[in-house]
Amino acid sequence: MSQFDVTVIGSGPGGYVAALRCAQLGFKTALIEKYSTLGGTCLNVGCIPSKALLDSSEHFENAKHNFANHGIIINEPQADLARMVARKNEVVDQTTKGINFLMDKNKVTVFEGLGSFESATQIKVTKTDGSSEILETKYAIVATGSKPSTLPFITIDKERIITSTEALNLKEIPKHLVVIGGGVIGLELGSVYLRLGSQVTVVEYMDKIIPTMDGALSKELTKVLKKQGMKFMLSTGVQSVERNGDSVKITAKDKKGEQVSVEGDYVLVSVGRKPFTEGLGLEKAGVELDERGRVKVNDHLQTNVANIYAIGDVVKGAMLAHKAEEEGVFVAETLAGQKPHINYNLIPGVVYTWPEVAGVGKTEEQLKEEGAAYKVGSFPMRALGRSRASGDIDGLIKILADEKTDEVLGVHMIGARAADLIAEAVTAMEFRASAEDISRMSHAHPTYAEAIKEAALDATGKRAIHM
């Protein structure tokens, strides 16, 4: 029987990062993954492949519609979806092999197979050929992630009624893609096919898209995506999804209670994700789940069984790869006797449409609900020289600050490279900066980041220079 200090089940961003940090700290570490490649949903069928397709489709969009504005005249470009998917697969392959390299470099022992608890200290690895072995471990970290959710009356056939996994490997560009759910995944994959020529209709139960983000971002993104050609059916509850050959019909009720319908050749069900604990054998170890099927943990990410921890999508909180990574490091360092910390309020959220959307901290809606005294500073991207130079004039930066202390409480943005710009806001807020602190820092010119400084100036006495 192989013996380890720490055994991690699941090799997604949380799991593989936890394994690497444990190994760095001197623990004899094992990593169990049921699939043949490491990286979990994020690297294989999530974050990385979706961004590869988003980048490819964005290049096509620019070639088709924007190159001429820059004085670049080309013949009418054609979209080769098969090549885009092949390139996406190459990116995934390179990235997952990179994780293999890191495991070897850090002497993490990798087991391919289904990991399941036999007891709190024994984990069985069942391989695809049916054989198995038992690992003895002092500590265990559950990092099995999540899988796409659906609605109880929808049958996912993986052909015409699909999840994000199948949407990454379509053999043809849909004529009309209907997306159920106006959240991050649906809007990103909807954007991919919109750029490639599909008609895209988003059906959303709430009265706005990206409903968990600041309302200003939802409003602006809706306007921008409509301008790009995306259609929206908001405040609309889906009642049935029926396939007839190559056509799929969605029947729903709108906010007036009237029945509406929409037909497409593909329907992407994108209504969120749910924790994945199937086959883990948690009951044998005595680990408790909550009412939503998540592994119960305390503030140290420790389950009710003292030597077993859980991280990432399988526990409470935002289902984000970078949140899982932080938790993986947190648990590893906790086991080593260190005192790590995670500020969950400062885990940024990003939508990789174009323009990109990002936010961190409190939204204006949350501050209103809390009755907090706050002030707002904002700056439109179209007022920025860098934005005009690149042609990316849609969007804005919005900063929320405490009315009395001027401490930054939230930063929300939509614009070019917002996914990268949000790191400045996270850094500032981690050190409890005020809006004036940001406004007095030199920002290189011309850059998109200047908009953050201008928004901070606007929040401190309406002192924005270029507005």
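Reader: How many residues lie between S4 and S5 in the hairpin that they form?

Author: This is a predicted model, in which local features need pLDDT of at least 70 and side-chain atom pairs count only at pLDDT 80 or more, while totals for chains, interfaces and linings use all residues. Residues are numbered from 1 along each chain as its sequence is written, and side-chain values use heavy atoms, with hydrogens and water left out. Strand S4 (residues 114-117) runs antiparallel to S5 and is joined to it by 4 bridges, where strands (E, at least two residues) and helices (H or I, at least four) are DSSP runs numbered from the N terminus, and two strands pair if DSSP finds at least two bridges between them. The number of residues between S4 and S5 in this hairpin is 4.

Reader: Which residues make up the covered face of strand S5?

Author: In a regular strand the side chains alternate between the two faces of the sheet. Strand S5 (residues 122-126) has an uncovered face with Gln122, Lys124 and Thr126, and its covered face consists of Ile123 and Val125.

Reader: What is the bridge partner of Ile123 in S6?

Author: On the S4 side, Phe117 stands opposite Ile123. On the other side, S5 is joined by 5 bridges to strand S6 (residues 132-142), and these two run antiparallel. They form a hairpin with 5 residues between them, and Gly130 in the turn has a positive phi of about 95°. In S6, the partner of Ile123 is Leu135.

Reader: What span should helix H4 have, given its 25 residues?

Author: The expected span of a helix is 1.5 Å times one less than its number of residues. Helix H4 covers residues 81-105, and its end C-alpha atoms are 36 Å apart, which agrees with the expected span of 36 Å.

Reader: Which residue with a positive phi follows H4, and which residues of H4 are buried?

Author: The residue after H4 is Lys107, whose phi is positive, near 60°. The buried residues of H4 pack against several elements, including helix H1 (13-24), helix H3 (47-66) and helix H6 (184-195), with contact meaning heavy atoms within 4.5 Å. Taking buried as under 20% relative accessible area, exposed as over 50% and partly exposed as in between (1.4 Å probe, protein chains only), the buried residues of H4 are Leu81, Met84, Val85, Lys88, Val92, Thr96, Ile99 and Met103.

Reader: Which cysteines form a disulfide?

Author: A search of the whole structure finds 1 disulfide, meaning a pair of cysteine sulfur atoms within 2.5 Å. Its sulfur atoms are 2.4 Å apart, and the two cysteines are Cys42 and Cys47.

Reader: Is Cys47 buried or partly exposed?

Author: The link of Cys42 and Cys47 is left-handed, with -130° about the S-S bond. Cys42 is buried, with a relative accessible area of 12%. Cys47 has 30% relative accessibility and therefore counts as partly exposed.

Reader: Which strands stand at the edges of the open sheet that contains S18 and S20?

Author: This sheet has 5 strands in the order S18-S19-S22-S21-S20, with antiparallel pairing. The edge strands each have a single partner strand, so one side of each is left without a neighbour in the sheet; they are strand S18 (349-351) and strand S20 (374-380).

Reader: What angle does the direction of helix H12 make with that of S19?

Author: Strand S21 (residues 396-402) pairs with strand S22 (residues 408-415) in the antiparallel sense over 6 bridges, and Ala401 stands opposite Val408 in S22. Helix H12 (residues 418-430) packs on the sheet, touching S18, S22 and strand S19 (356-361). Axes are lines fitted to C-alpha atoms, for helices over the stretch in contact, and angles run from 0 to 180 degrees between N-to-C directions. The direction of H12 makes with that of S19 an angle of about 10°.
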